[in-house]
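Here are a few friendly notes for you to read alongside the model. Take a look at it before you go on.

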Amino acid sequence: MNIPAVSIALSQSKLQTNVGVAMLSKSLDVLEQTGETMAAMLDAPAPASMIPGLGENIDISI
C-alpha cells in the first residue's frame with residue numbers, strides 16, 4: 001500500500017469537494033439575488049403605455 005499516493009488522492013478528493021461546494025454556494029447566491037430581483041419587478045407597478053389607445057382596436061380586412 002502506497003501511503004503517500006493515498007494521501008495525495010484523499011487530499012485531491014477533499015479539494016474537489018470543497019471547490020464543488022463553493023461553486024454551488026455561489027450559484028445559490030446568484031439564484032437568490034435573481035429571485036429577489038424578479039420578485040421586486042413583479043411587485044412594481046406596470047408602466048403606463050407610451051401611446052394611449054395602443055392595442056385597443058384591431059382592424060381586420062378579409
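The points below go from the whole chain to one residue.

1. This is a predicted model, in which local features need pLDDT of at least 70 and side-chain atom pairs count only at pLDDT 80 or more, while totals for chains, interfaces and linings use all residues. Residues are numbered from 1 along each chain as its sequence is written, and side-chain values use heavy atoms, leaving out hydrogens and water.

2. The protein has one helix and zero strands (DSSP runs of H or I with at least four residues, or of E with at least two, numbered from the N terminus).

3. Its C-alpha trace spans about 85 × 35 × 10 Å along the principal axes.

4. Buried residues, those under 20% relative accessible area (exposed is over 50%, partly exposed in between; 1.4 Å probe, protein chains only), make up 0% of the 62 residues.

5. Now find M23 in helix α1, residues 3–43. M23 counts as exposed because its relative accessibility is 56%.
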